[in-house]
Amino acid sequence: MEKKDEDLKKAQMLDARARNISHNVRCTECGSQSIEDSQADVAILLRQLIRDEIGAGKTDKEIYSKLEDEFGETVLYAPKFDLQTAALWLTPVIVGGGAAAVLAYTKHRQRTNVHIMALNLIRGVSLTPKERVTILEVLIPPPPPPRGVASRLRKWLNR
């Protein structure tokens with residue numbers, strides 16, 4: 001009885017391991033599904049290959065590398081980080097950083113140069129540094145008051 005339970009647990013563990021590997025392998029025929037979800041003939045054969053490799057005592061890394069060697073790197077859902085895939089991994093970071101830099105630059109330029117250029121055009125004379133500071137203080141709206149509990153308490157105490 002104990003032998004049957006042990007064999008059943010071992011079979012369940014091997015099946016769970018095979019399913020885990022199958023979820024991380026892309027179907028070569030469908031392309032958008034894992035071989036666990038696909039019913040294509042290639043997916044069925046790949047699932048059987050994975051079960052055979054597990055039965056032979058191979059590790060997950062060895063199975064992944066065998067599949068990658070036979071079908072190419074695109075068969076795995078998580079590509080490695082190397083020179084060929086660096087653009088894939090770094091593009092979101094570069095685009096986000098570039099967008100943040102452009103936004104910060106336009107915000108800064110909008111707050112300073114537009115007002116000074118408008119006054120220079122109207123007057124026909126450039127402003128002195130002291131005039132620039134004064135005009136910017138007048139033209140730039142003050143920041144909104146804080147809305148936290150501490151600011152409400154200070155406001156209530158100052159009545």
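## A walk from Phe81 to the H1–H2 loop

Start by selecting Phe81, which sits in the loop between helix H3 (60–71) and helix H4 (86–123). Keep in mind as you go that this is a predicted model. Is Phe81 buried or exposed? Its relative accessibility is 57%, so Phe81 counts as exposed.

Now add Leu88, Trp89, Leu90 and Ile94 to your selection. Together with Phe81, these residues make a nonpolar surface patch of about 560 Å². Switch on a surface view here if your viewer has one.

Next, select residues 86–105. UniProt, in an unreviewed entry, places the feature "transmembrane region" on this stretch. What does the chain do over residues 86–105? In the model it is 100% helix and 0% strand, and the C-alpha atoms at the two ends lie 28 Å apart.

Time to zoom out and show the whole chain as a cartoon. You'll find six helices and zero strands, so to speak a run of α-α-α-α-α-α when you read from the N terminus on. How much of the protein is buried? Of its 159 residues, 18% count as buried. The protein exposes about 12600 Å², and 62% of that comes from carbon and sulfur atoms. If you like looking at contacts, take those between residues at least 6 apart in sequence: 40% of them join residues at least 24 apart.

Now head for another loop and pick Ser34. You'll see Ser34 between helix H1 (2–23) and helix H2 (41–55). With a relative accessibility of 4%, Ser34 counts as buried, because the cut-off for that is under 20%. Which residues does Ser34 touch, once those up to four places away in sequence are set aside? Show Ser22, His23, Val25, Arg26, Cys27 and Tyr77 as sticks, and you have them.

Step over to Gln33, which is found in the loop between H1 and H2 as well. Here the relative accessibility is 33%, so Gln33 counts as partly exposed. Leave aside the neighbours within four places in sequence, and Gln33 is in contact with Val25, Arg26, Cys27, Ser38 and Tyr77. Tyr77 is worth keeping on screen: Ser34 touches Tyr77, and Gln33 is in contact with Tyr77 too.

For a last stop, draw a distance line from Gln33 to His23, C-alpha to C-alpha. How far apart are they in space? The line spans 8.8 Å, while in sequence Gln33 and His23 are 10 residues apart.

Notes. Residues numbered from 1 in each chain as written. Predicted model: local features only at pLDDT ≥ 70, side-chain atom pairs only at ≥ 80, totals over all residues. Heavy atoms only, no water. Helix = DSSP H or I, 4+ residues; strand = E, 2+ residues; numbered from the N terminus. Buried < 20%, exposed > 50% of the residue type's maximum accessible area, 1.4 Å probe, protein only. Contact = heavy atoms within 4.5 Å. UniProt positions renumbered as here; feature names shortened; annotations may be inferred. Patch = residues over 30% accessible without salt bridge, like charges linked within 9 Å, V, L, I, M, F, W, Y side chains within 5 Å. Areas by Shrake-Rupley, 256 points an atom, 1.4 Å probe, with all protein chains shown as cover. Salt bridge = Lys/Arg side-chain N within 4 Å of Asp/Glu carboxyl O.
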